[in-house]
Amino acid sequence: MKTVFSGIQPSGELHLGNYLGAVRNWVALQEQYPSNLFFIADYHVLTQPYDPKALPGRVSEMVLDLLALGIDPDRSLLFLQSSVSQHTELAWVLSNAAGFGDLERMTQFKDKSAHNPEHINAGLFTYPVLQAADILLYKAALVPVGQDQVQHIELTRRIARAFNHRWGATFPEPEVALTNMPKLLGLDGKAKMSKSLDNHIALSLFADPKKLRKRLAKFATDPARVQREDPGNPDVCNIFTMHKAVSSEADLAWVRQGCTTAGIGCVDCKTRLAENLETHLAGFVTKRAELAATPGIVGEVLDAGAVKARVIASETMREVREKLGLWPSR
Ligand code: TRP
Ligand code: SF4
């Protein structure tokens, strides 16, 4: 029985890039596989500056978002990393199977430490080891993530292999399940759409339609279209990437034809995108509002998920302790 496992950091509200790049795939896999675990990586937050007072709110917003987008607690476990203590326990063990040089090569570590040189702590460096523990604790076979996490999953495979080699066959090597969605860019059309880098470059999934339109208006398009009369190339345009995710074939053809011949302007193109996004997201917005009005729902879902996750996690740790030659715990 293949287990699907993935997670996301509680970076506040989910944005369109999170949805199209990862969460949409989780929902699809949930329909196909019997065993699915999705978690919120709150311990990973500690590696970067954050506001402890705001963290519980960020977690709860994210749970509501995930439920609204279709994560179904009857089919999938949804839980918090910090509620299952075996994550950090296994991370220590696995840090003895992870190569120092491998960790040094992680591009996310290099990028984050360059971006924020005053905050290079050891946790930022060993972050991928905790991520490997997250996955291996549940012996996951399939990990649906965005392109930016592929290197971490490859490292997880190396760590699993090293552990198995040193202490005996224990962990399967997980595979990445990539979405066919190219990475969504933020406002400037250069950096990845992200909440954590800059509050102003992500498109909210649950914003009201007027706000969505205003935001989209500021998004970069093909830089070759300086004037309305200049033809453009949709294949290099972030707006077209979004169209591909939500628009009909007919609309895509309309954009391609109009853009390459300067028959339509970027404003027309964005207006159509905004309409299609609104239609696509309308159901989520209603569902989100219903969930937000249900008292106690976040706590209930997270508690139920953690109880079940702990059962699997403690069985894996029992096996790991035995392989390591540790005195059996009681
Ligand atoms: N590092 C991932 C991110 O920032 C979150 C994450 C933590 C994760 N542990 C994981 C994703 C395990 C998949 C599997 O998006
Ligand atoms: Fe991008 Fe659309 Fe403008 Fe073409 S018309 S450059 S696809 S926004």
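Between domain 1 and domain 2 of this predicted model, about 1,400 Å² of area is buried. Carbon and sulfur atoms give 68% of that buried area. A value of this kind is a common way to describe an interface, as the size is often given as the accessible area lost when the parts come together. The two partners are set by the domain assignment of the protein chain, in which domain 1 covers 3-184 + 295-324 and domain 2 covers 199-290. Domain 1 brings 17 residues to the contact, and domain 2 brings 14 residues. Taken over C-alpha atoms, the centres of domain 1 and domain 2 are separated by 31 Å.

Polar and charged links also cross this boundary. The count of salt bridges between domain 1 and domain 2 is 2. A salt bridge joins the side chains of E61 and R288, with 2.8 Å from N to O. Across the interface of domain 1 and domain 2, 3 residue pairs are found in polar contact, both residues of each pair being at pLDDT 80 or more. On the side of domain 1 that touches domain 2, the elements giving two or more residues are α1 (16-32) and α2. Of these, α2 gives the most, with 6 residues. By residue type, this side of domain 1 divides into 11 nonpolar, 1 polar and 5 charged residues.

Helix α2 deserves a visit of its own. The helix spans residues 55-69, and L55 lies in it. L55 has a relative accessible area of 14%, so it counts as buried, the cut-off being under 20%. With neighbours within four places in sequence left aside, the contacts of L55 are P10, V45 and Y50. For one of these partners, V45, the place in the chain is 10 residues away from L55, and the C-alpha atoms of the two are 9.0 Å apart.

A second buried residue is met in helix α6, which runs over residues 122-136 and includes Q131. The relative accessible area of Q131 is 10%, and Q131 is therefore classed as buried. The side chain of Q131 is not without a polar partner: it makes a polar contact with the side chain of Q149, at 3.2 Å. Beyond neighbours within four places in sequence, Q131 is in contact with H44, Q149, H152 and I153. Q149 thus appears both in the polar contact and in the list of residues that Q131 touches.

Terms used. Residues numbered from 1 in each chain as written. Chains lettered and ligands numbered in written order. Predicted model: local features only at pLDDT ≥ 70, side-chain atom pairs only at ≥ 80, totals over all residues. Heavy atoms only, no water. Helix = DSSP H or I, 4+ residues; strand = E, 2+ residues; numbered from the N terminus. Buried < 20%, exposed > 50% of the residue type's maximum accessible area, 1.4 Å probe, protein only. Contact = heavy atoms within 4.5 Å. Domains from an automatic or database assignment. Buried area = accessible area lost by both parts, 1.4 Å probe. Salt bridge = Lys/Arg side-chain N within 4 Å of Asp/Glu carboxyl O. Polar contact = N/O pair within 3.5 Å; in protein donor to acceptor, adjacent residues only side chain to side chain. Nonpolar A, V, L, I, M, F, W, Y, C, P; charged D, E, K, R; others polar.
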